[in-house]
Amino acid sequence: MSQKLSRIIKNACESCGNDRNRLMDIVTAIQKECGAVTLEAMDIIAKELNVQRVDVESVVSFYSFLSKEEKGKVVIRICNDVVDILKGAEDVAKVFSETLGIEIGQTAADGSISLEYTPCIGLSDQAPAVLINDVAITNLTVDKAKSIANDLKNGVLPESLTKECGDGNNANDLVKSMVKNNIIKKGSVIFAERQSEAGLEKAITMSPSDVISLIKASKVRGRGGAGFPTGMKWEFTRAAKGDKKYVVCNADEGEPGTFKDRVLLTEKFDMLCEGMAIGGYCIGSDSGIIYLRGEYAYLKAFLEKKLSQRKEVGLLGANICGKDGFNFDIRIQIGAGAYICGEETALISSCEGLRGDPKTRPPFPAQKGYLASPTTVNNVETFCSIAKILEKDAAWYSAIGTKGSTGTKILSISGDCSNPGIYEYDFGVKVSDMLKDAGAEDTKAVLIGGPSGQLIGKTDFNRIICYDDLATGGSIVIFNSYRNILEIVKSYLEFFVEESCGYCTPCRTGNVLLLNKIEEILEGKGEPSDIKYLEDLCSTVKVTSRCGLGQTSPNPVLTSIKNFREVYDAVLKLNEDGRQPTFDIKASLEVAEALQGRKSVIY
Amino acid sequence: MEKPKVATTSLAGCFGCHMSLLDIDDRILKLIELVDFDKSPIDDIKNFTGRCAVGIVEGGCCNEENVHVLQDFRKNCDILISCGDCAIDGGIPAMRNNIPLKECFDEAYHDGPTVYNPNNITPNDKELPLILNKVYPCHHVVKMDYHLPGCPPSADTLWEALVALLSNKPIELPYELIKYD
């Protein structure tokens, strides 16, 4: 066994040039082949890469798709995002658990199957969904879950579970997935008809700084949610000192309720590569990295084929489009299930073969990013937009949308509506119009920008989607009047508690305290002063956390207090005697009463 | 005019906070011009004699008697102050919170390296208050109005806080008084 393991590890390390920065690829390969990265495996890897065992272990223990303990040959990951729960994920989980005879979080005794929960896998438009190894199974019902569980028990391979493929490239031989694109509204930038590679061809006739000027004039801003002006970011990266520079595409959309990048990667991958090449041209980089979230591993072979096709026709590699000295290549870096890696500095850490810990900013990636070189990190949708901007021009683009938010925005709409899917709107669309298009009736609340965005109620439905009003990276989740706002807030806090990297105390501890308080309130043990407690704690967590996770994780609490105060007021009770309703003296004495064999005389 | 009353107690604490209170030195003469002490170890009054303006609580709650006393303080005092780290977050006594109670008893009365207990007795007189499953900070048991951190809070901190409270002025604690490293 040990020799076999040695050989597997040696091969994995060699295929990555024994480069410790490629540790993610190495451990992912070993996890796939061996079902675990055991302590023994870690020792061998450390030796091969000339690093310490702890360097390897810190990576393996960080990512949820990697494990020290052996997982089943088949790993079933049930998505327990709020939308999936609304659509019945818990019933599906129960059926899997009962049919397979294992609890959630367990592996069958014969090592065949593991069952676990996982946060949003980017399939909210076809929830409830599960990942079985890399195979996505969508729109599950209790009956379907039962038959799948039985199939798996009888040794059917996960790959054979896909009976019917989805539309577009989901049916490609290298994808063969039942995932559907659900593109419902096509806008004028990303999903409009276009002449492929026209943007790149135009860019190389201009000087890099002229291209940047054009992008600045288009006023395009980052599509990941933060909205930093892309032209400015590229200008900084171009100006930064360094022989080697990198273009990184953030395809780690982990914000619950977002799935637009899934569709862009499936259908608009060439446009994305075109945008990245333009980025390379602008900042003077010959290397691009696409950080693909582990949940989208089912797309990897297809995307790699696409990359090699582009190389064959001279759209990647040396002297692109016949332009002497314009070299640019792209590699795919696969993630392993960590929400925090959507934060650009954590993403860079992960690409470097480290835990997905955010880095301290400044220095910003534009100065010191991947391997300490100047790096631009942009969203999938941003790169696609750039390709179109170059194809048309800055004035055409900046005429779309609003003054401060030009262009279109792709929204991933899911939850309580009849048409969940992908909508490309001009910036400035009204929430109420969006709800109408999505077929949402009886809407009580809309989560704009995922849990790190804001939860709004009816009075805000006349507001518009743009950076200056309701900003969003694309996640829109709709809740109808039957939903319990406090339960929703609780679920999202559980998500943040799980996904906090644990580096800084306000986020690691603060989110747990927020969750505890919301649970107490749900149990009817809250009092009016809890609102101030929550607000104070939220502000501490936001102000003192190191990265975007902790700076936004209190938002579900804050915006629900602001917009749904009546939900809190209905359950908060003033407590006249000053005793905490959460403290149960009888329960706290049970152990001692049993140990000492007597009852309390006071209580 | 009748002077406001102050009560103090030490629950699961080491009396260090009370020592710190005595550490205000001759200012204690000024303090008794400002207030009367009611139930407190300082004057050894065992029961409340009337309504108190301020209750100062040292230590968290490790047994049922602590809970009883704290609830009594909440009932009889207008303002309650968690004084010191044990009151605020359990402190040293709360180190047992991750260890099952049975193991704590065994270590304390039977297995500990310095235990001399030839008859293997676990103290269990009915006058002994029952131990809680874990040590609770005061504000988990009753509502506390203020928290004065420190182990112990220095005499100056206590003095400034009390004077501010009694004279109804905003508290001004200079950085040196609330810096602990």
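This is a short talk on one domain contact in chain A and one sheet in chain B. Keep in mind that the model is predicted.

Chain A first. The domain assignment splits the chain into domain 1 (2-62), domain 2 (74-163), domain 3 (185-398), domain 4 (408-483) and domain 5 (486-571). I'll stay with domains 2 and 3 of chain A. Their C-alpha centres are 33 Å apart. Domain 2 of chain A puts 10 residues into the contact, and domain 3 of chain A puts in 11 residues.

How much area is buried between these two domains of chain A? About 840 Å², with 55% of that from carbon and sulfur atoms. On the domain 2 side, look at C120(A), G122(A) and D134(A). Together they give 44% of what domain 2 of chain A buries against domain 3 of chain A, and no other three residues give more.

Now the polar side of this interface. Between domain 2 and domain 3 of chain A there is one salt bridge. R262(A) and D125(A) form a salt bridge through their side chains, at 3.0 Å from N to O. Three residue pairs across the interface of domains 2 and 3 of chain A are in polar contact. The domain 2 face towards domain 3 of chain A has four nonpolar, three polar and three charged residues.

Over to chain B. Here we have an open sheet of five strands, paired in parallel, in the order 2-1-3-5-7. Which strands of chain B sit at the edges? Strand 2 (36-37) and strand 7 (146-148), each pairing on one side only. Further in, strand 3 (residues 52-58) of chain B runs parallel to strand 5 (residues 77-83) of chain B, with six bridges between them. To find the register, take G55(B): its bridge partner in strand 5 of chain B is L80(B).

Notes. Residues numbered from 1 in each chain as written. Chains lettered and ligands numbered in written order. Predicted model: local features only at pLDDT ≥ 70, side-chain atom pairs only at ≥ 80, totals over all residues. Heavy atoms only, no water. Domains from an automatic or database assignment. Contact = heavy atoms within 4.5 Å. Buried area = accessible area lost by both parts, 1.4 Å probe. Salt bridge = Lys/Arg side-chain N within 4 Å of Asp/Glu carboxyl O. Polar contact = N/O pair within 3.5 Å; in protein donor to acceptor, adjacent residues only side chain to side chain. Nonpolar A, V, L, I, M, F, W, Y, C, P; charged D, E, K, R; others polar. Pairing = 2+ DSSP bridges. Helix = DSSP H or I, 4+ residues; strand = E, 2+ residues; numbered from the N terminus.
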